[in-house]
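Trainee: Could we go through this structure together? I would like to hear how each label is earned.

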Amino acid sequence: MSEREIILGRIRDALKAQAPLPGSHDRAPVSATTSTPRQWLPKVGESFDEQLALFARNAATLKVDLQMVSSIDQAHMTLAKMADTQKWKSVATHDGMLAGVAANWLSLPTINTTAGFDVNELETCDVGISECDALIAQTGSVMVTNRSAGGRALSVLPPHHVVLARREQLVADLPAAIELVKKKYANNYPSIISFITGPSRTGDIERILVLGAHGPKKLTIFCL
Amino acid sequence: MSAFATQFLKQARVMAADLRHRRIIRSALGNYEIARDKGNASFQDWQGARQLAAQTKWEAINHLDKYLEQFVAKIEARGTKVHWASTGDRAREIILQIVRDKKAHSIIKSKAMTAEEIHLNDTLEEAGLTVVENDLGEFIVQLRHEAPYHIVFPSMHLTRGEISRLFESELGSAPTNDPEELTMIARRVLREKYLTADIGITGANFAIAETGMVSITENEGNARLTAALPKTMITLMGIEKVLPRLDDLALFLPMLATMGTGQQLTCYNTLYGGPRQPGESDGPEEWHIVLLDNHRTELLADAEQRDALHCIRCGACLNVCPIFRNVGGHTYGTTYSGPIGSVITPHLRGLLDWKHLSNASSLCGACTETCPVKIDLHHHLLQNRRNAAKLKPSFFERLAYKMFGFIVNRPALWIIAKKFGRWGQPLQNLVKGSALDPAKAWTQTRDLPKLAQESFKDWWRNRK
């Protein structure tokens with residue numbers, strides 16, 4: 001018998017006995033009908049403005065540098081200024097409506113990850129500029145996939161991750177983000193889908209928050 | 001008493017009196033509690049969320065064969081190789097074989113409790129390989145040649161001073177008192193390892209049957225890098241990690257974050273659906289998933305305690321447990337400590353050897369109350385006690401209870417016994433805690449509660 005058959009056999013034998021239903025030890029079990037996550041998850045406002053404001057509040061708590069810009073030109077100027085003051089020497093980006101253009105603005109040595117790249121080179125870049133699939137108001141997260149954001153490493157290897165998003169990419173909550181993934185990619189999912197919620201962090205030393213444990217120390221989100 | 005029980009008692013006695021340890025744990029958990037409570041409160045209805053989570057896990061675990069097969073079929077369709085391992089030995093062999101086939105030398109590993117459970121690092125190191133843990137806390141305890149102290153906070157028992165001295169001696173870094181600087185030292189050292197590692201090993205938090213994906217939750221970006229840079233990726237996961245639908249994550253990711261660390265959402269929650277696909281620019285060429293049973297099916301067969309397999313390893317029950325907080329994580333001598341560890345270790349490693357953990361409990365029920373998936377933890381502790389007593393009854397305990405039963409069933413004897421108790425208790429004070437004291441095991445470190453001078457029955461009879 002194969003290991004697979006052994007394990008599945010054990011499982012089927014084990015499941016012959018009925019387990020008590022969840023919550024059966026409670027004095028007043030909540031109704032057994034299945035609910036949906038959205039009923040219980042933190043509240044998100046109805047209107048777009050409320051949701052955008054919530055996203056901004058969450059971003060601030062998470063120490064995300066959120067740049068609300070009204071036009072491509074303004075994004076261009078802000079990014080160029082950032083490159084200047086933070087003395088970026090090289091950037092990494094990928095093909096894309098926003099990301100490709102943004103890298104061109106900077107006239108810095110650029111790695112494009114779309115057609116393959118050298119990891120050691122990417123490691124030396126000051127910034128990774130990527131697009132995303134969605135912004136999530138409820139949690140202040142950015143949803144990226146390796147298809148939308150230039151692969152797996154671009155959004156975690158450089159010390160600074162810059163996300164270029166459009167306002168209409170904002171979704172209310174996690175269920176909406178998952179719905180979007182299912183609709184957008186149907187049966188051809190990218191091999192990674194990542195919910196990024198703030199810059200990389202750790203609390204492993206005395207539970208004190210430190211940013212930039214292994215991933216980016218800084219996360220900037222441009223919201224166009 | 002098993003050797004494990006003797007060791008536990010010895011260590012617990014030391015740790016319970018260690019005020020420094022207590023101060024460190026209290027301060028670490030104090031911040032956690034505030035954040036967790038805030039997180040709970042942000043939900044529209046935390047209890048409703050718990051019930052749904054428990055129902056979802058119940059559905060998954062009670063149809064585990066169906067969902068596992070669905071998960072495996074889906075994920076294999078995208079080029080992932082799935083291996084089944086009925087025992088820890090088998091899992092170690094499989095992983096060692098992959099490593100040998102790839103002629104790998106260096107391995108980078110992101111935090112995985114299942115790997116701790118089967119002592120994977122020892123096996124790989126014995127085979128001459130270098131394995132580096134890349135979660136900061138795990139990296140620290142690995143440098144100390146120590147097991148993780150806590151399933152979520154592995155280095156919670158250490159101060160920055162101790163970590164600085166450790167880095168100084170092991171990595172040759174300059175001493176510092178700054179957690180940020182210490183983190184950056186580890187970051188620099190580990191960057192090097194990521195770029196040169198042949199193989200990346202990860203654990204898993206959830207496996208989605210519907211779409212064939214593995215979900216990994218982390219804060220540091222270490223798992224993201226482990227799954228991006230090395231050419232081969234290996235994921236070791238327990239068979240109980242399966243969830244039916246992608247939608248379920250909308251609930252489980254925030255719940256895990258809130259209960260685990262008090263965050264609204266952990267920094268990186270990533271779904272992996274396969275190795276690098278055609279047209280993708282990076283990622284591992286091969287991805288192996290090892291599905292581990294290692295006695296999980298035995299726990300599954302115990303219908304009464306099956307819900308212990310619902311566990312999402314958030315560590316919340318450890319954090320609220322008065323026993324854990326006093327004796328500390330290492331005292332347990334197990335991979336999984338705290339209430340959940342006390343419940344499942346007897347199933348994973350033998351009831352008679354590990355029944356003492358179920359006795360080390362105040363039965364306060366704080367664990368059951370906090371558990372986000374509603375595992376009936378403190379009742380399971382009682383069930384373990386019952387099962388252990390059934391399996392190997394204690395002669396003296398049975399005799400004592402028989403005598404007690406004999407007396408309380410005879411009112412005349414009971415009246416005499418009560419009188420003896422009242423008169424005898426002051427005498428007991430004279431020998432308290434000494435070899436002559438019949439209640440020595442209790443009174444060595446505690447006072448015996450004073451017997452009431454008037455019984456309820458007397459009071460009732462005498463009331464005006």
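Mentor: Happily, and keep in mind that this is a predicted model. Let's start with helix α20 of chain B, residues 377-391.

Trainee: How do you know that the reach of α20(B) is close to what is expected?

Mentor: α20(B) has 15 residues, and from its first C-alpha to its last it reaches 21 Å. The expected figure, at 1.5 Å a residue, is 21 Å.

Trainee: Which residues of α20(B) are buried?

Mentor: B:Leu377, B:His378, B:His380, B:Leu381 and B:Asn384 are. The label calls for 20 or more other C-beta atoms within 10 Å.

Trainee: What puts those residues on the same side of α20(B)?

Mentor: Around the axis they cover an arc of only 155 degrees, which puts them on the same side of the helix. B:Arg386 and B:Lys390, on the other side, are exposed. Among the elements covering the buried residues are α14 (316-320), α16 (338-349), α17 (351-354), α18 (356-359) and α19 (366-370) of chain B.

Trainee: Let's turn to chain A. How do you know that the span of helix α6 (residues 174-185) agrees with the value it should have?

Mentor: Twelve residues at 1.5 Å each should span 16 Å, and the end C-alpha atoms of α6(A) are 16 Å apart, so the two agree.

Trainee: Which residues of α6(A) are buried, and why do we say they line one face?

Mentor: The buried ones are A:Leu174, A:Ala177, A:Ile178 and A:Val181. Looking down the axis of α6(A), they fall within an arc of 100 degrees, so they line one face of the helix. Their packing partners are β5 (134-136), β6 (141-145), β8 (170-171) and β9 (192-196) of chain A, together with α12 (249-260) of chain B.

Trainee: What follows α6(A)?

Mentor: A:Ala186, with a positive phi near 40 degrees. Helix α3 of chain A (residues 72-85) is likewise followed by a residue with positive phi, A:Lys87, near 55 degrees. The 14 residues of α3(A) should span 20 Å, and its end C-alpha atoms are 20 Å apart, so that helix agrees with expectation.

Trainee: What makes a positive phi worth pointing out?

Mentor: Most residues other than glycine have a negative phi. Chain B offers B:Lys103, not a glycine, yet with a positive phi of about 50 degrees. B:Lys103 sits in the loop between α5 (88-101) and β2 (106-109) of chain B. B:His119 is another non-glycine with a positive phi of about 50 degrees, in the loop between α6 (113-117) and α7 (120-126) of chain B.

Trainee: Why is B:Lys103 called exposed, and B:His119 partly exposed?

Mentor: Exposed means 12 or fewer other C-beta atoms within 10 Å, and partly exposed lies between that and the 20 needed for buried. B:Lys103 has 7, so it is exposed. B:His119 has 13 such neighbours, so it counts as partly exposed.

Trainee: And where does B:Arg13 belong?

Mentor: B:Arg13 is in helix α1 (residues 3-16) of chain B. With 13 other C-beta atoms within 10 Å, B:Arg13 is partly exposed. Its C-alpha atom is 7.8 Å from that of B:Val327, although 314 residues separate them along the chain.

Trainee: How do the axes of helix α3 (residues 46-61) of chain B and α12(B) meet?

Mentor: They come within 10 Å and cross at roughly 120 degrees, and the crossing is left-handed. The contact is made by B:Ala49, B:Leu52 and B:Ala53 of α3(B) with B:Leu251, B:Phe252 and B:Met255 of α12(B). By class, that contact has six nonpolar, no polar and no charged residues.

Trainee: How many residues does each chain bring to the contact between A and B?

Mentor: Chain A brings 71 residues and chain B brings 85 residues. On the chain A side, α1 (3-14), α5 (119-124), α6, β9 and β10 (201-202) each supply at least two residues. α1(A) gives the largest share, ten residues. That side divides into 33 nonpolar, 25 polar and 13 charged residues.

Trainee: What would you say of chain B overall?

Mentor: Chain B has 24 helices and ten strands, and 50% of its 464 residues count as buried.

Conventions. Residues numbered from 1 in each chain as written. Chains lettered and ligands numbered in written order. Predicted model: local features only at pLDDT ≥ 70, side-chain atom pairs only at ≥ 80, totals over all residues. Helix = DSSP H or I, 4+ residues; strand = E, 2+ residues; numbered from the N terminus. Expected span 1.5 Å × (residues − 1). Arc of directions from axis to C-beta. Contact = placed C-beta atoms within 7 Å. Axes fitted to C-alpha atoms, helices over the stretch in contact; angles between N-to-C directions. Left-handed = near helix turned anticlockwise from the far one by under 90°. Nonpolar A, V, L, I, M, F, W, Y, C, P; charged D, E, K, R; others polar.
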